[in-house]
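Q: Please take a close look at the surroundings of the ligand in this model, and then follow the helices and domains outwards from there. I would like a connected account with residue names wherever they can be given.

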Amino acid sequence: SEERSLNFIEEIIEQDLAKGRHTSILTRFPPEPNGYLHMGHASSICLNFGVAKKYGGKTNLRFDDTNPVTEDTEYVDSIKEDIQWLGFQWEKELYASDYFETLYQYAVRLINKGLAYVDDSTSEEIAEQKGTPTQPGRRNRFAERSIEENLQLFEEMRAGKYKDGEKVLRAKIDMESSNMLMRDPLLYRIRHVHHHRTGDKWCIYPMYDFAHGQSDSIEGITHSICTMEFVPHREVYDWLIEKLEIFPSRQYEFARRNLTYTVMSKRKLLQLVNNKIVAGWDDPRMPTISGMRRRGYTPKSIRDFCDRIGIGKRDNSVDLGLLEHFVREDLNKTAVRRMVVFDPVKVVISNYPDGEVEMLQAENNPEEETITYREVPFCKELYIEREDFMENPPKKYFRLAPGQMVRLKYAYIIQCDSIVKDEQGAIKEIHCSYLPESKSGADTSGVRPKGTLHWVSIAHAVSAELRMYDRLFTEEDMDNVPGEYTDYLNPDSLKIIPNAYAEPALKEAKLGEGYQFLRKGYFALDKDGDADHLVFNRAVGLKDSWAK
Ligand code: ATP
Ligand code: MG
Ligand code: MG
């Protein structure tokens with residue numbers, strides 16, 4: 001891959017290593033298991049795993065499962081599968097919920113230092129007392145509680161003595177700080193709910209600010225990389241680490257990455273799934289990693305894309321066309337070539353012997369270092385694309401037309417002699433003759449037709465359903481559209497070709513492998529089909545509109 005300059009995280013790491021601030025690097029990827037991973041997560045994964053790998057470090061996978069209500073083990077499993085598929089392996093699989101006891105002890109430590117208190121106010125009162133960005137907040141009488149009273153009340157909170165919302169634990173920082181998050185932030189709240197891992201053991205749960213940095217510190221994370229919306233949290237992050245006197249992890253922020261013509265929040269993606277607008281989290285139109293995998297995108301294309309867009313400080317949307325460019329670039333190297341006729345018209349080779357079948361050697365992929373071959377049957381009756389024939393062609397039409405010659409890929413040169421029409425006047429059959437001395441690889445005919453067509457033998461073809469995808473939404477910048485985002489769904493995001501004809505080698509198609517259907521695009525086998533009914537998803541078309 002081409003050399004690029006260091007990104008700002010890499011610069012920080014190089015300085016930290018040079019100054020001896022760290023001798024080894026440990027990052028983490030911290031998904032909340034409340035949905036499937038999407039392209040934005042992929043860029044965070046590539047960054048976290050990428051920089052650690054580059055500097056000989058490691059990366060933990062930490063499930064940020066401190067919010068008991070929205071989380072599920074189905075999500076945990078999908079997240080692990082997606083990260084590994086992208087090509088990364090974590091050092092440790094960890095759960096923030098495993099730190100609940102340690103976090104509780106940290107809270108007790110703060111109380112003992114007079115730096116945390118139990119507050120009985122309602123959330124409305126707390127919000128009101130917080131003030132506004134231009135007006136300082138004020139403390140209430142609960143902040144005056146003694147250390148002993150706070151210790152006892154906090155223990156009772158844990159023991160389940162109080163109802164949801166009755167009490168919270170707050171840090172005692174600064175009600176006049178210009179940073180609203182520093183105005184005595186909540187550390188714990190009471191929630192009598194079941195947690196997907198800790199069950200009913202806990203009825204108090206730590207807030208993000210009292211879980212994330214502490215988890216980083218417990219694990220010895222050196223560089224905790226998150227997205228820009230956490231910039232104001234950094235002051236709380238640093239304050240808590242300092243007061244708790246624990247390992248000094250540091251937080252660094254980079255901008256969220258979005259893609260054009262799609263939405264990238266788990267909440268919206270979940271709505272699309274629940275409202276059956278798409279077939280599931282892995283619907284090939286979804287910007288989820290599982291959707292992209294099913295569609296036929298490759299891990300390398302996603303990694304290359306993330307590497308190319310790099311990281312920045314300002315949120316932005318990246319052109320979907322650039323992602324498709326990398327998909328095409330990788331599939332061009334790795335996808336085997338196959339022939340599939342989408343909209344058939346019959347060709348009869350009049351001078352080819354009845355009943356004879358010739359097995360032609362056809363190269364799998366001209367980009368391969370060592371070329372391998374498959375066999376393609378050729379015989380008297382074939383299908384070509386209806387659009388590859390014109391009865392009255394314009395000038396410079398190089399496909400099949402009366403009296404005109406074309407090459408059939410891997411096979412022979414044919415010439416159209418006559419056509420047969422049905423009662424409605426539609427073309428039923430095209431009668432051709434072939435040049436026996438024009439066989440591909442051994443052509444002595446001296447004829448050089450300009451057009452080459454793909455085709456299949458009718459008797460050997462297998463039927464296939466093709467799912468042709470387009471962008472899910474009609475607007476480029478879906479983060480800034482008026483009204484509901486669902487008003488902008490593209491009604492043509494899926495078109496189905498129910499009965500295409502594929503060359504028989506495609507019976508051996510495997511899930512997870514890419515195929516280039518000659519002159520048509522890149523496709524991937526879909527799990528919906530079976531041996532008798534092949535289903536393929538179009539990953540991307542052949543034409544690259546992306547100017548490098
Ligand atoms: P969403 O808003 O889609 O729910 P999230 O940030 O709540 O995203 P998490 O599961 O908490 O989702 O994310 C795990 C990691 O991925 C976090 O470090 C988060 O900052 C990062 N991340 C999430 N979305 C993006 C994005 N669009 N671009 C870059 N990084 C992202
Ligand atoms: Mg999050
Ligand atoms: Mg979220």
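**The shell around ligand 1**

A: In this predicted model, the largest share of the shell around ligand 1 comes from α2, which gives four residues. Helix α2 spans residues 39–54, and β8 (223–227) and β10 (257–259) also each supply at least two residues of that shell. The shell holds 16 residues, of which Pro31, Gly40, Ser44, Thr227 and Lys266 come nearest to the ligand. Divided by class, the residues around ligand 1 are four nonpolar, seven polar and five charged.

The helix α2 can be followed away from the ligand to a helix partner. It packs with helix α11, residues 299–309, at an angle of about 80°, the two axes being 9 Å apart. An angle from 65 to 115 degrees counts as roughly perpendicular, and α2 and α11 are therefore roughly perpendicular to each other. On the side of α2 the contact is made by Ala42, Ser43 and Cys46, while Ile302, Arg303, Cys306 and Asp307 make it on the side of α11. In terms of class, this contact of α2 with α11 has four nonpolar, one polar and two charged residues.

Two further helix pairs can be described in the same manner. Helix α7 (residues 212–219) and helix α8 (residues 234–244) have axes that come within 9 Å and cross at roughly 50°. That angle is neither under 35 degrees nor in the range 65 to 115, and α7 and α8 are therefore oblique to each other. Their crossing is right-handed. From α7 the contact takes Gly213, Gln214 and Ser217, and from α8 it takes Tyr237, Leu240 and Ile241. The contact of α7 with α8 has three nonpolar and three polar residues, and no charged residues.

In the other pair, helix α4 (residues 100–112) packs with helix α6 (residues 147–159) at an angle of about 160°, with the axes 9 Å apart. Angles over 145 degrees count as roughly antiparallel, and α4 and α6 are therefore roughly antiparallel to each other. The crossing of α4 and α6 is, once again, right-handed. Tyr104, Ala107, Val108, Ile111 and Asn112 of α4 make the contact with Ile147, Asn150, Leu151, Phe154 and Arg158 of α6. By class, seven nonpolar, two polar and one charged residues make up the contact of α4 with α6.

The domain assignment sets these elements in a wider frame: domain 1 covers 8–254, domain 2 is given as 266–336 + 464–540, and domain 3 covers 340–454. The centres of domain 2 and domain 3, taken over C-alpha atoms, are separated by 31 Å. Their contact takes 17 residues from domain 2 and 13 residues from domain 3. On the side of domain 2 that touches domain 3, the elements giving two or more residues are α12 (320–334), β23 (462–469) and β24 (494–502). Among these, β24 gives the most, with four residues. The residues on this side of domain 2 divide into 12 nonpolar, one polar and four charged.

To return to the part you asked about, the shell of ligand 1 has seven polar and five charged residues beside four nonpolar ones, and α2, which supplies four residues of that shell, also makes a contact with α11 through Ala42, Ser43 and Cys46.

Methods: Residues are numbered from 1 along each chain as its sequence is written. Chains are lettered from A and ligands numbered from 1 in the order in which they are written. This is a predicted model: local features need pLDDT of at least 70, side-chain atom pairs count only at pLDDT 80 or more; totals for chains, interfaces and linings use all residues. Axes are lines fitted to C-alpha atoms, for helices over the stretch in contact, and angles run from 0 to 180 degrees between N-to-C directions. A crossing is left-handed if the near helix is turned anticlockwise from the far one by less than a right angle, and right-handed if clockwise. Two residues are in contact if their C-beta atoms, placed from the backbone, lie within 7 Å. Ala, Val, Leu, Ile, Met, Phe, Trp, Tyr, Cys and Pro count as nonpolar, Asp, Glu, Lys and Arg as charged, and the others, Gly among them, as polar. Domain bounds come from an automatic or database domain assignment. A residue is near a molecule or strand if its C-beta atom, placed from the backbone, lies within 6 Å of it.
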